[in-house]
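Please take the sequence and the three-dimensional view together, and keep both open while reading. The paragraphs that follow move between single residues, the elements that hold them, and the chain as a whole.

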Amino acid sequence: MPAYWNTFQKYRYLIAASGVILAATLALLLMQYRAARRTEAQAQATLLANLDTHLLAIVDEAKRDMVEHADHITHSITQRLVRDRDLPKLARAFTRASRRFPEVRDFFVVFFDKGQDTRNWRAFRYVPPDSNNPATPQYLGVPIGALTEDADLGEALSRAWLTVHNRAEIAVYPAYAPLSLSDSQSHQIFFHPVYEAASMDRQDDLDRVGLIAFTAAAEEYPSPEYLRNLVTRYENLKEGDVGLPGKLGYRIKLDSGNTARDLIATGSASEPQRFRRFEASDYLFPNLAFGVAPSDNSALAYPSEYARSSMLLGLGAAAVSLIGLGLTWRATRREMRVAQLKSDFLASISHELKTPLTAIRAFGDLLHSGRARDADRVREYGGLIKTESDRLTALINNILELSRLERGTRRYRLQEGLLCAAVASTVEVFRHTPEAKGCRIEVELPVPPLKTHFEESAIRQALLNLLSNAAKYSDASDSERIIEVAVIREPAEAVIQVRDFGIGISKSEQCQIFTPFHRAPQPDAQAKGGTGLGLAVVREVARAHGGKVSVESEPGVGATFSLHLPLLTVPEQVTQTHSRTNRHAKYLSN
Ligand code: ADP
């Protein structure tokens, strides 16, 4: 069975749960994204519709104003003069009107048979007076223009008039047409029909007898300021309109296909997305384009502020749930590891307890049965029982120590003392244990001896654990197992070092071996009995003294464990620096 299959089996529920959570998160994210897009599209459509409505109102008002103004201009010409075909007076009326309405380019008057707007059509162009010419006729000292009949113009005007449909109303009619048959360019023309009653007593039955007409250009008509005022009016009006965002930019341009020129440009610097012209049937300035845009077009850009923040929110939520998933993975894996370690521990502790107990029981039985009469035998069995109970005591001490530490009930009583003396006596005790059999233990201590604060029993237990490991994991094939113990004085700490030349520890294991119950999985380490508690106790003791434990090792070469204890107080007589070479006391044994 491949290893990954076993891992999969072990974590299958976790993997399934993670898959479900991941899929749900992705689905939520997708839904969030789609909802944001949909809302966005709707908001944009609404905005564009609002802009269209706004634009429609502006264009409509411009149309009304332009036609009304044309009506106003043509009404300044007394209509009776057209009915009477009184050319001199008409010339005077046009002279007055052209001065009053500089926005008019050319005035025309047309006569035709009563009620027959195509029959006997005669068109006159108003020619403004030439003030430099002394022959120019004057009226009350004012130079007067002239009306000149123009057949070509008449024909062109007649065609323009016929383009106007629904000519039945009494109104001003705009038209957009050339002013001569040879002219390819069209002009904005306003026609105002002049009526005459069919009979003197039937005023309501009116017949057209002629037309007053004029041309104008969008830049000047109705007045150069008109378009700006219109826009300002709508800008102010818009403030109460909730359907439109912030400030709007307005653009009115003269666009004749290949050339475009802005007449009005306010607010937004960007090109409006919505433009509107007069309807074709309006025959009104077809080149005039009205545009409106949100001030920076950002309301129409995607993703907008709303979509962006909603997606960021979604991503944030997804990230949080992924972090949660990661933490759950970690916690679950740790729980499973702890469970695994505990079950390994139970297995190994039963073995560790059973072995000495079996021996104690066997030798106890022998003594009890009285079969060992020989005094040497009795001493030997008693010694073995003592050794095995020492092993049991050490094991139980580690268990108790760790459980007290984990429950937080362990209190250390640090006292000033000579660290070297404590180390030396512990090594001496260890030397006489069966574990130390076949080991040569070398000890190096600094001179003068190091004084520091520590709890002697804790340091002893930690050192015994390190020594016991050094002996246990030293290569058994070696006839003499060497263990080096040293106390080193560093500037701010004392370091107790235990070095062996045994099986060593791989890099990946080095960070794990201090975890309670953890035992290296290599077969040569597993072959030795153990509970995985020794180093955990060493680490806790080091921490309780404000220090730490570290390891340097290479598999097959050996391991060096260092217990670092901070120097809390430095006694007077040892303040001078001692180098490592200062260490002189060397004990050789075994
Ligand atoms: P135990 O020795 O009872 O298994 P420890 O906590 O003392 O538990 O050690 C944990 C693990 O660290 C051991 O199982 C072993 O794999 C490894 N180890 C400890 N000391 C040494 C050493 N001196 N050399 C090699 N491996 C060691």
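In which helix is Glu68 found? The model is a predicted one, and in it Glu68 belongs to helix H2, which covers residues 12-75. Glu68 is exposed, since its relative accessible area is 52% and the cut-off for that class is over 50%. Although Glu68 and Ala171 stand 103 residues apart along the chain, their C-alpha atoms are separated by 9.4 Å.

From that residue it helps to step back to the whole. The protein contains 13 helices and 20 strands, and its C-alpha trace spans about 165 × 60 × 40 Å along the principal axes. Its radius of gyration is 55 Å, whereas a compact globule of 590 residues would have one near 25 Å. Of those 590 residues, 40% count as buried, and the protein exposes about 32,100 Å², of which carbon and sulfur atoms supply 55%. When contacts between residues at least 6 apart in sequence are considered, 68% of them join residues at least 24 apart. As for charge, there are 71 positive and 69 negative side chains, and the centres of these two sets lie 9 Å apart.

Returning to the chain after helix H2, the next stop is helix H3, where Arg80 is found. Arg80 counts as partly exposed because its relative accessibility is 44%, a value that falls between the limits of 20% and 50%. Its C-alpha atom lies 24 Å in space from that of Ala216, and the two residues are 136 apart in sequence. Arg85 sits in the loop that runs between helix H3 (79-83) and helix H4 (87-100), and its phi is near 50°, a positive value in a residue other than glycine. With 35% relative accessibility, Arg85 likewise counts as partly exposed.

Helix H4 is the place of Phe94. Is Phe94 buried or exposed? Phe94 is buried, with a relative accessible area of 0%, and, leaving aside neighbours within four places in sequence, it is in contact with Ile77, Phe107, Phe108, Val109, Tyr126, Leu147 and Ile212. The C-alpha atom of Gly249, by contrast, is separated from that of Phe94 by 40 Å, the two residues being 155 apart along the chain.

Further along, the backbone offers another local feature. The peptide bond that joins Tyr221 and Pro222 is cis, with omega at about -5°, and Pro222 lies in the loop between strand E8 (202-216) and helix H6 (226-238).

The later part of the chain brings us to helix H10, which comprises residues 456-472. From its first C-alpha to its last, this helix of 17 residues reaches 24 Å, close to the 24 Å expected at 1.5 Å a residue. Helix H10 is largely enclosed by the rest of the structure, because 12 of its 17 residues are buried. Among them are Ala462, Asn465 and Leu466, three residues that will return below.

Beyond helix H10, Phe517 is found in the loop between helix H11 (507-510) and helix H12 (523-526). Its phi is near 75°, a positive value in a residue other than glycine. Phe517 counts as buried because its relative accessibility is 15%, where the class requires a value under 20%.

What covers the buried residues of helix H13? The cover includes helix H8 (375-407), helix H10, strand E18 (548-554) and strand E19 (558-566). Helix H13 itself is made of residues 534-544, and its buried residues are Gly534, Leu535, Ala536, Val537, Val538, Val541 and Ala542. One of these, Val538, shows the arrangement at the level of a single side chain: it counts as buried at 0% relative accessibility, and, apart from neighbours within four places in sequence, it is in contact with Ala462, Asn465, Leu466, Val549 and Leu563. The first three of those partners, Ala462, Asn465 and Leu466, are buried residues of helix H10. Val538 and Val549 are 11 residues apart in sequence, and their C-alpha atoms are 7.3 Å apart in space. After helix H13 comes Gly546, whose phi is also positive, near 75°.

Key: Residues are numbered from 1 along each chain as its sequence is written. This is a predicted model: local features need pLDDT of at least 70, side-chain atom pairs count only at pLDDT 80 or more; totals for chains, interfaces and linings use all residues. Side-chain values use heavy atoms; hydrogens and water are left out. Helices (H or I, at least four residues) and strands (E, at least two) are DSSP runs, numbered from the N terminus. The radius of gyration is taken over C-alpha atoms; the globule rule is 2.2 Å times the number of residues to the power 0.38. Buried means under 20% relative accessible area, exposed over 50%, partly exposed in between (1.4 Å probe, protein chains only). Contact means heavy atoms within 4.5 Å. Accessible areas come from the Shrake-Rupley method with a 1.4 Å probe; for residues, only the protein chains shown count as cover. Lys and Arg count as positive and Asp and Glu as negative; His and the chain ends are not counted. The place of a charge is taken as NZ of Lys, CZ of Arg, CG of Asp or CD of Glu. The expected span of a helix is 1.5 Å times one less than its number of residues.
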